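Subject: The structure you asked about

Hi,

Here is the structure to look through when you have a moment. My notes follow below it.

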Amino acid sequence: MTPWETPDFPALPAGFRFGAATAAYQIEGAHDQDGRAPSIWDTFSHTPGRTLGGATGDTACDHYHRYREDVGLLHRLGVDTYRFSIAWPRLVPRGTGPANPKGLDFYDRLIDELLAAGIQPAVTLYHWDLPQALEDRGGWRVRGTAEAFADYTALAAERYGDRVARWITLNEPYCSAFVGYAEGRHAPGAREGRGALAAAHHLLLAHGLAVRELRAAGAREVGIALNLDRIHAASGRPEDQAARRRAEVLHNDVWTEPLLAGRYPAQEAETWGGLADGPWRLPGDLEVIGTPLDFLGVNFYRPITVAAAAHRTEDPGARTAVDIGVAELDPYGTPHTTMAWPVVPGALTELLCNLHTRYPQLPPVWITENGAAFEDTVRPDGSVHDPERTRYLAAHLAAVADAAAAGVDVRGYYLWSLLDNFEWARGYDQRFGLVRVDYDTLTRLPKDSYHWYRALITAHRARTEDTAR
């Protein structure tokens, strides 16, 4: 028996779709070629001390030049669909103004290559690579960036809408707003209070404006990818339960309440106090933000347990948007990934079922990211042994199957990631890929988990086809 045949294949619904995902800055490289201008991640990664070992996405996996090889890997994997992101500064280098013909042509070539291989493209319009020119004018803190995003969306929809059915406006706006503008761990590296909350609102507004542009262009499936967290309290003590509610606002409710319920979170004042009292919300914004979705994308990796903690500063003027009196704990007696994330597959079932219960009008759900970083063993024959990843994937797909059995309308799953890649501030020390990338030679080596996922897809199709007969 081969290593990838050992875990049981979860039984997923007929019609369930399998995919893999990547993001432009993490794999493309060619950061200064063919008219592409700098993004905030180019600036951030080139700033000393910002990324592990000074790593940048200058070359990454060189997907810009090797996309045909990577589409070949997807074709052999047997996926139905591939989720990738368009680099805004490759298409519109300064964020506004003239489009870049060579950038437009690149994504034409990629989309056509995917369709020729029988793979449906799913386009993410924003995966964190804001044009630096827009950051210089205020970035996501200002409304003009949301308006520029709508114009960029209209351009992409006009160019690619005849071949792309599934669109994702934003990936993980939590990270853009709070990890980027409050924690400072991601680009642009700011540590702000009101600026981060303004960024969160303008990201939501950008999403709503983009949905309207996509609808006007005839897009059939439009959604957003949120990294929602299953959050537990460390105890039943009132202070820990209150900390959990504040964490729910920060991680989840900021996004789900406006998008799915047409309202702002009820406990904003408890979470942020006077920080939330800003001028960035205007009449009519909620209506735009709440434009109905065709699907909700959920990115999931691990649950979080929180307890009450002292604020890091008692000065409201110096308090950041993530300074909410919450400490994250790790009580999980389970394996952890090399990112130090606990492996708790049942938390994904809980998260999906909670969304289904809380929001009666919940649109169909796609798992838009799920995967794990583990150590790989490269054998002398060139095979790559990664049994922990295979077990992780099998268990989380089983958790998705459990949610579907409980009534959640889950349509598909994008595995993160097709390739090992630039893992943001962690540089190249974390490997999430089904395919190992040798960063010295850029050689691609499919791992055991790649073969397991291919076998799962084949088995699912055979089972559902037999059932349909």
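A word on terms before the notes: a salt bridge here is a side-chain nitrogen of Lys or Arg within 4 Å of a carboxyl oxygen of Asp or Glu. Please keep in mind that this is a predicted model. With that definition, the structure holds 36 salt bridges.

**Charged pairs**

Let me start with Asp105 and Arg159, whose side chains form a salt bridge with an N to O distance of 2.9 Å. Asp105 belongs to helix 5 (residues 101-116) and Arg159 to helix 7 (residues 143-160), so this pair links parts of the chain that are distant, 54 residues apart. Both ends are partly exposed: Asp105 has a relative accessible area of 32%, and Arg159 has 30%.

Helix 7 also holds Arg143, which pairs with Asp285 in helix 12 (residues 285-289) and ties together parts 142 residues apart in sequence. In this salt bridge the closest N and O atoms are 2.6 Å apart. Arg143 is partly exposed at 22% relative accessibility, whereas Asp285 is buried at 5%.

A third pair sits on strands. Arg166 in strand 4 (residues 166-171) and Glu221 in strand 5 (residues 221-226) are 55 residues apart, and their side chains meet in a salt bridge at 3.1 Å, N to O. Here Arg166 is the buried partner, at 10% relative accessibility, while Glu221 is partly exposed, with a relative accessible area of 25%.

There is a network as well: salt bridges with shared partners join Asp376, Asp386, Arg389, Asp420, Arg431, Arg436 and Lys447.

**The nonpolar core**

The largest nonpolar core has 147 residues, and Phe178, Trp272 and Tyr453 touch the most other members. Helix 9 (residues 194-216) gives the most to this core, with 12 residues. If you want a place to begin looking, try Trp272: leaving out residues up to four places away in sequence, Trp272 touches Phe178, Leu197, Val249, Leu250, Val254, Ala321 and Ile324. As background, nonpolar side chains tend to be buried together in soluble globular proteins.

**Cysteines**

How many disulfides does the structure hold? The count is 0. For Cys61, the closest cysteine sulfur is that of Cys175, 19 Å away, and that is too far for a bond because a disulfide needs the sulfur atoms within 2.5 Å. Looking from Cys175, the closest cysteine sulfur is in Cys61. Both cysteines are buried: Cys61 has a relative accessible area of 0%, and Cys175 has 10%.

**Backbone details**

Two cis peptide bonds deserve a look. One runs from Ala187 to Pro188, with omega near 10 degrees, and Pro188 is in the loop between helix 8 (173-183) and helix 9. Another joins Trp416 and Ser417, with omega about 5 degrees; Ser417 lies in the loop between strand 13 (410-416) and strand 14 (435-437).

Positive phi values turn up at two aspartates. Asp34, a residue other than glycine, has phi near 55 degrees; it is found in the loop between helix 1 (24-27) and helix 2 (40-45) and is partly exposed, at 33% relative accessible area. Asp62 is not a glycine either, yet its phi is about 55 degrees. Asp62 lies in the loop between helix 2 and helix 3 (63-77) and counts as buried at 12% relative accessibility.

Happy browsing!

Best wishes

Conventions
Residues are numbered from 1 along each chain as its sequence is written. This is a predicted model: local features need pLDDT of at least 70, side-chain atom pairs count only at pLDDT 80 or more; totals for chains, interfaces and linings use all residues. Side-chain values use heavy atoms; hydrogens and water are left out. Helices (H or I, at least four residues) and strands (E, at least two) are DSSP runs, numbered from the N terminus. Buried means under 20% relative accessible area, exposed over 50%, partly exposed in between (1.4 Å probe, protein chains only). A nonpolar core is a set of buried Ala, Val, Leu, Ile, Met, Phe, Trp, Tyr and Cys residues joined through side-chain atoms within 4.5 Å. Contact means heavy atoms within 4.5 Å.
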